Amino acid sequence: MQEIDYSKIGMRIRQARKTKGWSQSELAKLSGISMSFLGHIERGTRIMSLDTFVNICVALGADADELIWGIAHPSDTRLVDVWGRTEKKDSDSYSMYIRIMKSVAEIMNEA
């Protein structure tokens, strides 16, 4: 199992923020945290909660795998594009499809 490197996560968050042309203040406000705490996250000196991480991902429009591991993985939203609109499909079939695709992706990453 890989160890989580919080300084690398922080670096990736900083890069994503700068790519959007945002200040720390802007991302902090959108994420519901203080600018000081965001600075600590970006330097890897403080560990954020899962809720805070999710808020940062949503604010940046970033994939969690990309911020954690530096590797972009297809997200459910991309799978929706392949599968089609969820309201047109049986929800049980769609859920099963998502589980299968995630399992395949995990197997491919292990190889």
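Guide: A residue counts as exposed when its relative accessible area is over 50%, and as buried when that area is under 20%. The model here is predicted.

Visitor: How many helices and how many strands does the secondary structure of the protein come to?
Guide: Start at the N terminus and follow the elements. They run α-α-α-α-α-α-α. The count is seven helices and zero strands.

Visitor: What percentage of the residues in the protein is buried?
Guide: The protein has 111 residues. Those under 20% relative accessible area count as buried. Their share is 27%.

Visitor: What share of the contacts with a separation of 6 or more comes from residues 24 or more positions apart?
Guide: A contact means heavy atoms within 4.5 Å. Take the contacts in the protein with a separation of 6 or more. Residues 24 or more positions apart account for 46%.

Visitor: Which helix supplies the largest share of the largest nonpolar core?
Guide: This core has 15 residues, and Ile13, Ile33, Leu38, Ile41, Met48 and Ile56 have the most contacts inside it. Helix H1 (6-19), H2, H3 and helix H4 (50-60) each supply at least two of its residues. The largest share is five residues, and it comes from H4.

Visitor: Which residues does Ile56 touch, leaving out those up to four places away in sequence?
Guide: Ile56 is one of the buried residues of H4. It is also among the residues with the most contacts inside the largest core. Beyond four places in sequence, Ile56 touches Ile13, Ser31, Ile33, Leu38, Ile41 and Met48.

Visitor: Which residues are exposed on the other side of H4?
Guide: First find the buried side. In H4, Thr52, Phe53, Ile56, Cys57, Ala59 and Leu60 are buried. They fall within an arc of 165° seen down the axis, so they line one face of the helix. The other side carries the exposed Leu50, Asp51 and Val58.

Visitor: Which helices are included in what covers the buried residues of H4?
Guide: Thr52 is one of those buried residues. Outside its neighbours up to four places away, it touches Ile33, Phe37 and Ile41. For the buried residues of H4 as a group, the cover includes H1, H2, H3 and helix H5 (64-69).

Visitor: Thr52 and Leu38 are 14 residues apart in sequence, so how far apart are they in space, C-alpha to C-alpha?
Guide: Thr52 lies in helix H4. Thr52 is buried, with a relative accessible area of 11%. From C-alpha to C-alpha, Thr52 and Leu38 are apart by 9.8 Å.

Visitor: Which exposed residues sit on the face of H2 turned away from its buried side?
Guide: The buried residues of H2 are Leu27, Ala28 and Ser31. They cover an arc of only 100° around the axis, which puts them on the same side of H2. These buried residues pack against H1, H3 and H4. The face turned away carries Lys29 and Leu30.

Visitor: Which residue just after H2 takes a positive phi?
Guide: H4 offers a parallel case. It is followed by Gly61, whose phi is positive, near 65°. Just after H2, a positive phi of about 75° is taken by Gly32.

Visitor: How is H2 placed relative to H3: roughly parallel or roughly perpendicular?
Guide: Helix H2 (residues 24-31) and helix H3 (residues 35-43) pack with their axes 9 Å apart, at an angle of about 105°. Angles of 65 to 115 degrees count as roughly perpendicular. That makes H2, relative to H3, roughly perpendicular.

Visitor: Which residues of H2 and H3 make the contact?
Guide: By class, the contact of H2 with H3 has four nonpolar, three polar and one charged residues. H2 brings Gln24, Ser25, Leu27 and Ala28. H3 brings Met35, Leu38, Gly39 and Glu42.

Visitor: How far apart are the axes of H1 and H3?
Guide: In H1, Tyr6, Ser7, Gly10, Met11, Ile13, Arg14 and Arg17 meet Leu38, Ile41, Glu42 and Arg43 in H3. The residues of this contact divide into five nonpolar, two polar and four charged. The helices pack at an angle of about 120°, and their axes are apart by 5 Å.

Visitor: Which residues does Gly10 touch, not counting those up to four places away in sequence?
Guide: Gly10 lies in helix H1. Gly10 is buried, with a relative accessible area of 0%. Gly39 is 29 residues from it in sequence and 8.7 Å in space, C-alpha to C-alpha. The residues that Gly10 touches are Ile41 and Glu42.

Methods. Residues numbered from 1 in each chain as written. Predicted model: local features only at pLDDT ≥ 70, side-chain atom pairs only at ≥ 80, totals over all residues. Heavy atoms only, no water. Axes fitted to C-alpha atoms, helices over the stretch in contact; angles between N-to-C directions. Helix = DSSP H or I, 4+ residues; strand = E, 2+ residues; numbered from the N terminus. Parallel < 35°, antiparallel > 145°, perpendicular 65-115°, else oblique. Nonpolar A, V, L, I, M, F, W, Y, C, P; charged D, E, K, R; others polar. Core = buried A, V, L, I, M, F, W, Y, C linked by side-chain atoms within 4.5 Å. Buried < 20%, exposed > 50% of the residue type's maximum accessible area, 1.4 Å probe, protein only. Arc of directions from axis to C-beta.
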